[in-house]
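I opened this entry to keep track of what I looked up, chain by chain. The notes follow the order in which I checked things.

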Amino acid sequence: MDTRGNETNRRDAIQAAAHQRDHASERSIGFIMREVADEALASRFTLGDESVLRDVYERWSSLVFTIALRSTGNKEDAADITQLVFISAWKGKEGFDMNAGTLPGWLLGICRRKIADHFGSKARKEIPTEHEALQAADNPFDFGLGSAGNSVDATIDRVVLASELARLGDPQKKIMELAFFNDLTHAQIASLLNLPLGTVKSHIRRSLDRLKNRLEAASVAS
Amino acid sequence: MSHLDSDTIALIALGEQVDLQDTIHVTGCPKCQSALDELRAVVTTARSITDSDRLVAPPESVWNGIAQAVNAPTSPASPESIVTEMDTARRAPQRRAGWFALAASVGVVIGGLGTFAALELSASNTAPAVIAQASLEPLRDGEQPAQATVQQIDGNDVLVVQTSGLPATDGFYEVWLLAPDAQSMVSVGMLDTNDSGSFPLPPGMNLNQYPVVDISLEHFDGDASHSADSVLRGKLEI
């Protein structure tokens, strides 16, 4: 591990931790309630209640739109794809089986196909836009060609993981951010956040498991 | 020996050092190895996340199109509720969207999350409170990344910038705080030749409005505005 000292990082984390501890309990409750709400939404969807589409849209349209945006590099195309995904989902809602997978996983399966259709049908003869060229450097992407599938899957994984990470309650979210992005050991995190070593360890294990399950759920219906 | 407990496998997946005998066990045990590989894939994906992987809400016209196609009620989904759902509580939605636009417009996708890496701990605990921190990414080849923090010293916010190896110049380096769209900005001072500097911020300065630290190369040309020649830039994590 890098041993360069950086006090500011530590202090920053301490600040954040103190702030977040204040809200820890209410956020965990909020987190559990959101989980229950997601399942309730999925079961309403299967019943075909008219008002449910908007709720499903509110819950998952940002996920679909962001993935489409990251894949196409173009807001208009991403908006078109998002629209198609929810229209197809609604028209084909009988095809969704709650026992076979999650609703977001099913929606992302449709999203993946719409993105593939987009690249397939357009055959994109135009020169990539500046934004696309820049995105390509960050996320190598073979416009309109066969490797698109792999890249879209990687994009889905990143966006799903980023959103699931943001939805973890604290202190889990802070712990995982420190472990992933600041490369701290569990012992360092425990001392930073003033939490018992064993607590941090089990939070890490449970959060990694949860994130793994969420990634799997997102790719089930592909 | 028996299989590794799942806590230990999680730590190995994150790259932590564990007991040598645990390491040896994993290499010879298909069951533990496969559990490890699964978690490692999660860690690898997580560490490849950049700011542009954050959720962006679609424009309202998208819902209107869907509602028309399926004859659902056409009242648009409230953008508020969409962003609140995904919000991380520390980050206002406008800033995220704005930052995305900035990243796209200036041609860099600055990995606010990803580039956090490589920061480390030290023992001291008695210094001023840090209320915001930024990793400054070079905008030209060959420059070193740098750090900026906002510290509260005697009740005043002070921007502290530490760079390394900025090349000598005929002009000077100037430190700015930019709005996310980079259309408005505040100059906070000149960077010392010794590569670091502290810049007291005007009282009442809203960091949420000007969250991007930018260092530009300026010339002695009598023009007080930004030269548009930025060398380092990064967003404050508040």
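**After the first helix of chain B**

I began at Gly15(B), which sits just after H1(B) and takes a positive phi of about 95°. I kept in mind that this is a predicted model.

I then went back to the helix itself, H1 of chain B, residues 6-13. Is H1(B) enclosed or not? Six of its eight residues are buried, so the helix is largely enclosed by the rest of the structure. I listed the buried ones as Thr8(B), Ile9(B), Ala10(B), Leu11(B), Ile12(B) and Ala13(B).

**The sheet of chain B**

I traced the strand order next. Eight strands of chain B make an open sheet, and I read the order as E5-E4-E7-E8-E1-E2-E3-E6, with antiparallel pairing. At the edges I found strand E5 (185-190) and strand E6 (196-200) of chain B, each pairing on one side only. For the twist I noted that neighbouring strands of this sheet are turned by 25° against each other on average, direction ignored.

I picked one pair to follow in detail. Strand E7 (residues 212-218) and strand E8 (residues 230-235) of chain B are joined by five bridges in the antiparallel sense. Which residue in E8(B) is the bridge partner of Asp214(B)? I found Arg233(B) there.

**Chain A**

I turned to chain A and counted nine helices and zero strands. Along the sequence the pattern reads α-α-α-α-α-α-α-α-α. Of its 222 residues, 47% count as buried. I also looked at contacts in chain A between residues at least 6 apart in sequence: 67% of them join residues at least 24 apart.

**Loops of chain A**

I went through the loops in sequence order.

- Between helix H6 (148-167) and helix H7 (172-181) of chain A, I located Pro171(A). The peptide bond leading to Pro171(A) from Asp170(A) is cis, with omega near 10°.
- In the loop between H7 and helix H8 (186-193) of chain A, I noted Asp183(A). Asp183(A) is not a glycine, yet its phi is positive, about 60°. Is Asp183(A) buried, exposed or partly exposed? I count 19 other C-beta atoms within 10 Å, so Asp183(A) is partly exposed; the buried class starts at 20.
- The loop between H8 and helix H9 (197-220) of chain A holds Asn194(A). Asn194(A) is also a residue other than glycine with a positive phi, near 60°. With 11 other C-beta atoms within 10 Å, I entered Asn194(A) as exposed, since that class takes 12 or fewer.

Methods: Residues are numbered from 1 along each chain as its sequence is written. Chains are lettered from A and ligands numbered from 1 in the order in which they are written. This is a predicted model: local features need pLDDT of at least 70, side-chain atom pairs count only at pLDDT 80 or more; totals for chains, interfaces and linings use all residues. Two strands pair if DSSP finds at least two bridges between them. Helices (H or I, at least four residues) and strands (E, at least two) are DSSP runs, numbered from the N terminus. Axes are lines fitted to C-alpha atoms, for helices over the stretch in contact, and angles run from 0 to 180 degrees between N-to-C directions. Two residues are in contact if their C-beta atoms, placed from the backbone, lie within 7 Å.
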